[in-house]
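Q: Could you take me on a close look at the sheet in this protein, strand by strand? I would like to know how the strands pair and what lies against them.

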Amino acid sequence: LNEAEDTVLAYGQLGQNSLDEFQIYQMVVEPHHQLRGLGRQILAALVDRAIALGSTRLVLHARVTKVKFYEKSGFESTGDVFPSPQTGVPHIKMERFINLSD
């Protein structure tokens, strides 16, 4: 939150698909504030929260232009590229397995 402007600069949402599978949704950083680490901070917080809740598998649908961003946080692409039902923008499913004994 940029308190001076009362504006949300970055956002992400965590949902639970099953007892041990969580999904990250709606990752976005305001364009004028990209490349400042905000997306990485949001993603790390969502991953940490999922782990704290017992997740052993995290999934998300990434824009194909953002695959490398998620790969840096341990996610791997699975499946084929598909258009977003809302926007038509090409996405791909990604997942990350969590070893809770680490």
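**The sheet and its surroundings**

A: Let's start with the pairing in the middle: strand E3 (residues 57-63) and E5 run antiparallel and are joined by seven bridges. Strands here are DSSP runs of at least two residues (E), helices are runs of at least four (H or I), and both are numbered from the N terminus; two strands pair if DSSP finds at least two bridges between them. Along this pair, alanine 62 stands opposite isoleucine 92 of E5, and histidine 61 has lysine 93 of E5 as its bridge partner.

A word on the source: this is a predicted model, in which local features need pLDDT of at least 70 and side-chain atom pairs count only at pLDDT 80 or more, while totals for chains, interfaces and linings use all residues. Residues are numbered from 1 along each chain as its sequence is written, and side-chain values use heavy atoms, with hydrogens and water left out.

The pLDDT, the predictor's confidence in each residue from 0 to 100, averages 89 over the protein, and 92% of the residues score at least 70. Among the elements, strand E5 (residues 90-97) has the highest mean, 96, and strand E2 (residues 21-29) the lowest, 92.

Now for the other partner of E5. Strand E4 (residues 76-83) runs antiparallel to E5, with five bridges between them, and glutamate 76 faces glutamate 95 of E5 across the pair. Six residues separate the two strands in their hairpin, where glycine 88 takes a positive phi near 80 degrees.

There is a second hairpin to look at. E1 (residues 10-16) pairs with E2 in the antiparallel sense over six bridges, and four residues lie between these strands. Glutamine 16 is opposite phenylalanine 22 of E2.

Put together, the five strands make an open sheet in the order E1-E2-E3-E5-E4, with mixed pairing. Its edge strands are E1 and E4, each of which pairs on one side only. From one strand to the next, the twist averages 20 degrees.

What lies against the sheet? Helix H1 lies across E1, E2, E3 and E5, and runs at about 165 degrees to E2. Contact means heavy atoms within 4.5 Å; axes are lines fitted to C-alpha atoms, for helices over the stretch in contact, and angles run from 0 to 180 degrees between N-to-C directions.

E2 also matters to the lining of the largest pocket, giving the most residues of any element, seven. E2, helix H1 (38-52), E3 and helix H2 (67-71) each supply at least two residues of that lining. (A pocket is an open set of points on a 1 Å grid over the protein atoms alone, where a 1.4 Å probe fits, with protein on both sides within 12 Å along at least five of seven lines; lining residues have an atom within 4 Å of a point.) Of the 32 lining residues, Met27, Val28, Arg63, Lys66 and Tyr70 lie nearest the centre.
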